[in-house]
Amino acid sequence: MKKRILGSILAASMVAASLAGCGGSKPAETQAAAAGETTAAAATEASTTEAAKTEAASGDEAVTLKWALWDISSTSYYQPLIDAYTSKHPNVKIEMVDLGSTDYSTVLGTQLSGSGSDFDVVTIKDVPGYMTLVNKGVLEPLDEKIKADGIDLGKYNGITNQVTINDKLYELPFRSDIWVLYYNKDVFDKAGVAYPTNDMTWKQYDELARKITNTTPGQEVYGAHYHTWRSTIQLDGILDGKNTIVGGNYDFTKPYYEMVLNQQKDGVCMDYATLKTQGLHYSDAFAQGNVGMLNMGSWFISTLINKIKSGEYTGCTNWGMVKYPHAEGVEAGSTLATITALALPTSAPHKDAAWDFIKFVTGEEGAEVLAKTGNIPAMTNENIVSSIASMDGFPKDDTSKDALITSHTYLEMPANDKSSEIETVLNEQHDLIMSESTTIDDGVQAMNDGVQAILQG
């Protein structure tokens with residue numbers, strides 16, 4: 001449902017735990033036996049000494065890093081990332097600790113605030129959780145480490161700027177789900193209309209949606225589909241880089257609400273109130289085969305591929321995707337994003353080794369591993385895009401491949417310590433506007449008033 005160029009790795013490693021010598025002894029039965037034991041002990045000591053010298057020369061240390069995360073069994077990229085890192089750092093062991101997904105941020109915050117936390121690396125699930133941990137003072141600022149290692153933050157396409165707090169950065173993203181426009185090629189072919197392109201304004205998108213719409217009862221074809229999330233409409237207005245979803249003024253959302261409500265009135269998209277009542281999931285709507293275009297995150301790629309392979313989806317097997325539409329004068333490839341990041345706890349027992357692992361996962365080599373599992377890294381380059389596009393089931397056209405390349409990414413919710421309160425107001429008014437329980441003007445004014453009160457409180 002919502003590209004995202006990469007760094008490099010350093011080395012950190014581990015030493016065999018067996019270097020600890022045996023402390024016990026037993027009386028010699030004979031002088032020969034005693035001599036044999038002495039000889040064996042001397043040999044063992046010599047071997048141990050040699051191993052220690054070798055290890056000292058290599059600079060490696062035995063270390064086990066504890067990594068806090070969620071949903072180990074259902075996440076495809078954890079183990080491949082670990083395997084890729086430890087293959088080059090055989091003396092490092094990564095121990096995954098699953099805190100569960102439902103209350104992950106709360107549980108992590110509680111554990112890091114306790115006196116006995118021994119996590120070396122923690123995964124950051126969302127921006128509100130990130131803000132909570134930063135405010136608790138349990139995350140290490142990474143700026144000096146980033147500067148010392150010459151990490152180019154520009155390769156994150158503007159994402160790190162949006163999670164910098166008081167001029168300090170406490171996390172580095174490794175996964176990014178971007179928003180693209182999915183489309184059903186069969187719908188366009190049947191209507192005799194050219195496919196969407198990677199450079200469309202919202203006006204051109206609206207015109208295209210209307211061209212493929214069919215309102216004949218029993219033969220309905222919807223040119224566009226919008227899930228009930230506020231992000232499918234409100235966030236279209238932040239892609240010009242001039243507006244923010246946490247700024248307290250939402251007049252910029254009006255043109256997008258007007259476009260979608262007019263489409264709703266003209267049968268170009270499904271009715272919001274009906275979608276809410278039926279609880280129709282966006283994937284089920286697209287799978288029906290009568291939806292032309294769907295704005296959604298890149299996480300939907302794997303769902304489409306897998307369900308088409310299994311035979312569950314039969315109405316959208318001929319699909320493609322293009323870059324997100326943009327406002328007039330905005331560069332094509334500007335889009336929305338959510339991120340998953342890694343951070344270094346202030347209480348981490350092995351900070352140097354943990355930082356080395358973080359750099360690997362969030363850098364170029366980690367990104368390549370992530371891409372091979374079908375996930376979008378926070379950094380992208382041509383090799384990574386090609387890796388994702390070469391997946392079995394991914395559309396073979398160059399347009400779909402190029403859709404993965406972004407010019408700038410904007411977080412759905414940038415770092416703000418009042419983001420959860422702001423989101424509550426925005427969600428409420430979105431529901432009222434889309435169900436036509438209030439006017440666009442009144443709903444937007446309520447957003448302005450509500451959020452400004454939060455920001456000033």
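The expected span of a helix is 1.5 Å times one less than its number of residues. This yardstick is applied below to a helix of a predicted model.

## Helix α17 and the loop before it

α17 has 17 residues. From first C-alpha to last, α17 reaches 24 Å, close to the 24 Å expected at 1.5 Å a residue.

Which residues of α17 are buried? They are Ile440, Gly443, Val444, Met447, Asn448, Val451 and Ile454. Seen down the axis of α17, these buried residues fall within an arc of 140°, so they line one face of the helix. The cover over them includes α8 (254–265) and α16.

The loop between α16 (419–434) and α17 (440–456) holds Thr438. Thr438 is partly exposed, at a relative accessible area of 23%. Setting aside residues up to four places away in sequence, Thr438 touches Leu432, Ile433 and Gly443. Gly443 is also one of the buried residues of α17.

Glu436 sits in the loop between α16 and α17 as well. Its phi is near 60°, a positive value in a residue other than glycine. Glu436 is exposed, because its relative accessible area of 56% is over 50%.

## Nonpolar cores

The largest nonpolar core has 57 residues. Those with the most contacts inside this core are Trp67, Leu108, Val122, Tyr130 and Leu139. Helix α12 (residues 351–362) supplies the largest share of the core, 7 residues. A second, separate core has 47 residues, including Trp202, Met259, Leu261 and Met413.

What does Leu108 contact beyond its neighbours within four places in sequence? The partners are Ala68, Leu99, Phe119, Val122, Thr123 and Leu133. Among them, Val122 also ranks with the residues that have the most contacts inside the largest core.

Helix α12 also carries Asp352. Asp352 is exposed, with a relative accessible area of 63%. The C-alpha atoms of Asp352 and Lys145 are separated by 9.8 Å. Along the chain, Asp352 and Lys145 are 207 residues apart.

## Helix α14

The buried residues of helix α14 (residues 382–389) are Ile384, Val385, Ser387, Ile388 and Ala389. Helices α13 (364–372) and α15 (398–402) are among the elements that cover them.

## Asparagines in loops

Asn198 lies in the loop between α6 (185–191) and α7 (202–211). Is Asn198 buried or exposed? Asn198 counts as buried, because its relative accessibility of 16% is under 20%.

The side chain of Asn198 makes contacts to backbone atoms. It reaches the backbone nitrogen of Lys323 at 2.8 Å. A polar atom of the Asn198 side chain also lies 3.1 Å from the backbone oxygen of Thr399. Not counting residues up to four places away in sequence, Asn198 touches Val322, Lys323, Ala332, Thr399, Asp402 and Ala403.

Asn290 is placed in the loop between α10 (282–287) and β8 (291–297). Asn290 counts as buried at 17% relative accessibility. Its side chain joins that of Gln288 through a polar contact of 3.4 Å. Leaving aside neighbours within four places in sequence, Asn290 is in contact with Glu220, Val221, Tyr222 and Ala285.

Asn166 lies in the loop between β4 (164–165) and β5 (168–169). Asn166 is exposed, with a relative accessible area of 71%. Phi of Asn166 is near 50°, a positive value in a residue other than glycine.

The polar contacts named above are set out here.

| Side chain | Partner | Distance |
|---|---|---|
| Asn198 | Lys323 backbone nitrogen | 2.8 Å |
| Asn198 | Thr399 backbone oxygen | 3.1 Å |
| Asn290 | Gln288 side chain | 3.4 Å |

## Cysteines

How many disulfides does the structure hold? The count is 0. A disulfide is a covalent bond between the sulfur atoms of two cysteines. Cys269 counts as buried, at 5% relative accessibility. Cys316 also counts as buried, at 0% relative accessibility.

Definitions and conventions. Residues are numbered from 1 along each chain as its sequence is written. This is a predicted model: local features need pLDDT of at least 70, side-chain atom pairs count only at pLDDT 80 or more; totals for chains, interfaces and linings use all residues. Side-chain values use heavy atoms; hydrogens and water are left out. A nonpolar core is a set of buried Ala, Val, Leu, Ile, Met, Phe, Trp, Tyr and Cys residues joined through side-chain atoms within 4.5 Å. Buried means under 20% relative accessible area, exposed over 50%, partly exposed in between (1.4 Å probe, protein chains only). Helices (H or I, at least four residues) and strands (E, at least two) are DSSP runs, numbered from the N terminus. Contact means heavy atoms within 4.5 Å. The arc is that of the directions from the helix axis to the C-beta atoms. A disulfide is a pair of cysteine sulfur atoms within 2.5 Å. A polar contact is a pair of N or O atoms within 3.5 Å; within protein, one must be able to donate a hydrogen and the other to accept it, and residues adjacent in sequence count only if both atoms are side-chain atoms.
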